[in-house]
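Biologist: I am new to this structure and would like to learn how to read it, beginning with the sheets and ending with the ligand. Could you take me through it step by step?

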Amino acid sequence: MIQENISLKPFNTFGVDASARYFAEVNSVEELIEIFKLSNSQTLPLLFIGGGSNILLTKDFEGLAIRLNLKGISEEIIDENQVLVTAKAGENWHQFVMFCLEKNYGGLENLSLIPGNVGTSPMQNIGAYGTEIKDIFESCKVLNLETLEIEIFDLKKCRFGYRDSIFKQEGKGKYVILEVTFKLTRENHKIDVEYGAIKSELENLGIFNPTIQDVSKAVINIRQSKLPDPKVTGNAGSFFKNPTIPSTQFEALKQKFENIPGYPNGEFVKVPAGWLIEQSGWKGKQIGNVASHKLQALVIINATGNATGKEIFDFSTMIIDSVNEKYGIELEREVNII
Ligand code: EPU
């Protein structure tokens, strides 16, 4: 069941060739508990791998990497307009979204084509085009690694924020997410096309009264037009978070850089990191095996397929330094550095 010296290249979307000293794939909660007890008895560090779409392996992992392969989707109709749909952690996110759209269940359409698995979606409250999973999240079932008991986390307990949750904060390393339940609509869908790019893509398609399936199609077209497909070019989506700065700092920057975009949020302003990176001269730039994507500067790519995690990490540090030097804003990595 446990294999030794396994390359993790197929299990991270950057396509970085780092290896794990030990590796196991688990297909059930029972198997997971068994493997966990074994690793505990040998005090091995653990790395849980889902879709591998948000990790950067900067070196070989000298512990036990566990790939969660729990599968299955179930539904529970609440009333004529609502349904609870539960997917196990190892289900591929986009396939799950497509499953729901085929059944005409609404709520996930704006989140089409996001790489990764269902089990990691609550970790960073994945979001795109005006929707975050917190908007349709009902609960998740987790394994508490201290007690080995199964617990249910509701919306409040997950403490979702922008690309953030309890699982990235005080719960880090304490829980394994086993399954996630979403509350979706069966009719009277809430169509959200406020995000500018969706509106214009639907117009391009000649659609003025979109269904949830149309919204999904528009999102897929937008993503495919500017985000690299990890199956072709290694990447982990946005490498940094969009920084939030105090309004006063934003106003001062506006004096100097009059075109700086910003989205006000109370006393703060969110600034698109892609803009800061592009304006600092990094868009499309390649150093060795690593580059910033030519159509979306926020995405760092394994340009040759041969990049090491260390090279990608060093490239990201150079970006942080030059944005900081020019704008006095320190970008924070969104990707988990291992
Ligand atoms: N921009 C540039 N140059 C670039 C890229 C972006 O100037 O090279 C500026 C433009 O002004 C643009 C603005 O940034 O209007 C926003 O760009 P975009 O709509 O592409 O979105 P983003 O803020 O860069 C975020 C998420 C994405 C998500 C999109 C769409 C984060 C860190 N990223 O990107 O999520 O798909 O919005 O909602 O919040 C991911 O997390 O991996 C991810 C892809």
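**Reading the sheets and the ligand shell**

Modeller: This is a predicted model, and a useful start is to follow the order in which strands lie side by side: here four strands make an open sheet with mixed pairing, in the order E1-E2-E5-E3. Its edge strands are E1 (3–7) and E3 (46–49), each of which pairs on one side only.

Biologist: By how many degrees are neighbouring strands of this sheet turned against each other on average?

Modeller: With direction ignored, the average turn between neighbouring strands of this sheet is 40°.

Biologist: In which sense do E1 and strand E2 pair, and over how many bridges?

Modeller: One looks for the bridges that link two strands and then for the direction in which the strands run; E1 and strand E2 (residues 19–26) are paired in the antiparallel sense, over four bridges. To place one of the pairs by residue, take Ser7, whose bridge partner in E2 is Ser19.

Biologist: What is the order of the strands in the sheet that includes E6 and E7?

Modeller: That open sheet has five strands in the order E6-E7-E12-E10-E11, and its pairing is antiparallel. At its edges stand E6 and strand E11 (150–154), and because each has a single partner strand, one side of each is left without a neighbour in the sheet. From one strand to the next, the twist averages 20°.

Biologist: How many residues lie between E6 and E7 in their hairpin?

Modeller: A hairpin is read from its two strands and the link that joins them, and in the one formed by E6 and E7 there are four residues between the strands. Strand E6 (residues 73–77) and strand E7 (residues 82–88) pair over five bridges in the antiparallel sense, and Glu75 stands opposite Val85 in E7. E7 is also joined to strand E12 (residues 175–185), with which it runs antiparallel, by seven bridges; there, Val83 has Leu184 of E12 as its bridge partner.

Biologist: Turning to the ligand, which residues come nearest?

Modeller: One begins with the residues that surround the ligand and then asks about particular atoms: there are 23 residues around it, of which Tyr129, Tyr162, Tyr195, Glu278 and Gln296 come nearest. In the side chain of Glu278, an N or O atom is 2.6 Å from a nitrogen atom of the ligand. A backbone N or O atom of Gly274 lies 3.4 Å from a ligand nitrogen atom, while for Ala297 a backbone N or O atom lies 2.8 Å from an oxygen atom of the ligand. Taken on its own, the ligand has 820 Å² of accessible area, and the protein covers 81% of this.

Biologist: Which elements give two or more residues to the shell around the ligand?

Modeller: They are strand E8 (127–128), helix H5 (212–226), strand E13 (234–238) and helix H7 (273–279), and the largest share, three residues, comes from H7. At the level of domains, the shell draws at least three residues from each of domain 2 (73–226) and domain 3 (234–337).

Biologist: How many residues of the shell are nonpolar, polar and charged?

Modeller: Sorted by these classes, the shell has 10 nonpolar, six polar and seven charged residues.

Methods:
Residues are numbered from 1 along each chain as its sequence is written. This is a predicted model: local features need pLDDT of at least 70, side-chain atom pairs count only at pLDDT 80 or more; totals for chains, interfaces and linings use all residues. Side-chain values use heavy atoms; hydrogens and water are left out. A residue is near a molecule or strand if one of its heavy atoms lies within 4 Å of it. A polar contact is a pair of N or O atoms within 3.5 Å; within protein, one must be able to donate a hydrogen and the other to accept it, and residues adjacent in sequence count only if both atoms are side-chain atoms. Accessible areas come from the Shrake-Rupley method with a 1.4 Å probe; for residues, only the protein chains shown count as cover. Ala, Val, Leu, Ile, Met, Phe, Trp, Tyr, Cys and Pro count as nonpolar, Asp, Glu, Lys and Arg as charged, and the others, Gly among them, as polar. Domain bounds come from an automatic or database domain assignment. Two strands pair if DSSP finds at least two bridges between them. Axes are lines fitted to C-alpha atoms, for helices over the stretch in contact, and angles run from 0 to 180 degrees between N-to-C directions.
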